[in-house]
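Hi everyone, thanks for making time for this. I'd like to walk you through a few side-chain contacts, so please have the picture up in front of you.

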Amino acid sequence: MKSIRSWDHNTEDWKYPVIIDNMMNLELLFRASELTGDPKYRDIAVNHANTTLSNHFRPDYSSYHVVDYDPETGAVRMKVTAQGYSDDSFWSRRQARR
């Protein structure tokens with residue numbers, strides 16, 4: 001698997017859930033590689049970003065909130081929302097206005 005798993009609860013529903021929100025944390029991995037001189041953290045971040053780019057975005061560039069993967073094969077099991085209006089609605093984090 002070339003992405004960072006987001007949680008491990010509700011294993012009856014989720015096998016390897018990855019949320020779009022993980023993208024905002026990748027900077028920490030890049031910084032860890034800079035500070036330690038170990039490229040493995042950078043590699044994890046790049047792999048995660050590439051997997052996200054391949055699977056989280058629709059042709060119109062809107063994103064799914066959660067992509068769940070099969071941990072054995074890496075295949076996408078489902079593309080859904082855990083918090084949004086519906087699975088095919090656009091996902092945004094704190095971009096809506098009251």
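Let's begin in helix α1, where Glu 34 and Arg 31 sit three residues apart, which means about one helical turn separates them. Their side chains meet in a salt bridge, with N to O at 2.9 Å. As a reminder, side chains of opposite charge can pair when their charged atoms come close. I should say right away that this is a predicted model, so please hear every number as a computed one.

How open is this pair to the outside? Glu 34 counts as exposed, at 57% relative accessibility, while Arg 31 is partly exposed at 45%.

Let's stay with α1, which covers residues 26-36. Which of its residues are buried? They are Leu 26, Leu 29 and Ser 33. If you look down the axis of α1, these buried residues fall within an arc of 55°, so they line one face of the helix. What do they pack against? Their partner is α2, residues 40-55. Now turn to the face of α1 that points away from the buried side: there you'll find the exposed residues Glu 27, Leu 28, Glu 34 and Leu 35. So our salt-bridge partner Glu 34 belongs to that outward set. Just after the helix comes Gly 37, with a positive phi of about 75°.

Back to the charges. The count of salt bridges comes to three. One of them joins Asp 43 and Arg 42, with the closest N and O atoms 3.6 Å apart. Both partners are partly exposed: Asp 43 has 37% relative accessibility, and Arg 42 has 41%.

Another links Arg 77 to Asp 68, and here the closest N and O atoms are 2.1 Å apart. Is Asp 68 buried or exposed? Asp 68 is buried, because its relative accessibility is 0%, whereas Arg 77 is partly exposed at 37%.

One more arginine deserves a look. Arg 58 lies over the face of Tyr 64, at 3.9 Å from the ring centre.

Let me finish with the aromatics. How many aromatic pairs does the structure hold? There is one. The rings of Trp 7 and Trp 14 have centres 5.5 Å apart and planes at 85°, so this pair is edge-to-face. Trp 7 and Trp 14 are both buried.

That's my tour, and I'm happy to go back to any of these spots with you.

Methods:
Residues are numbered from 1 along each chain as its sequence is written. This is a predicted model: local features need pLDDT of at least 70, side-chain atom pairs count only at pLDDT 80 or more; totals for chains, interfaces and linings use all residues. Side-chain values use heavy atoms; hydrogens and water are left out. Rings of Phe, Tyr and Trp (its six-membered ring) pair if their centres lie within 6.5 Å; planes under 30 degrees apart count as stacked, over 60 as edge-to-face and the rest as tilted. Buried means under 20% relative accessible area, exposed over 50%, partly exposed in between (1.4 Å probe, protein chains only). A charge sits over a ring if NZ of Lys or CZ of Arg is within 6 Å of the ring centre and within 35 degrees of the ring normal. Helices (H or I, at least four residues) and strands (E, at least two) are DSSP runs, numbered from the N terminus. The arc is that of the directions from the helix axis to the C-beta atoms. Contact means heavy atoms within 4.5 Å. A salt bridge is a side-chain nitrogen of Lys or Arg within 4 Å of a carboxyl oxygen of Asp or Glu.
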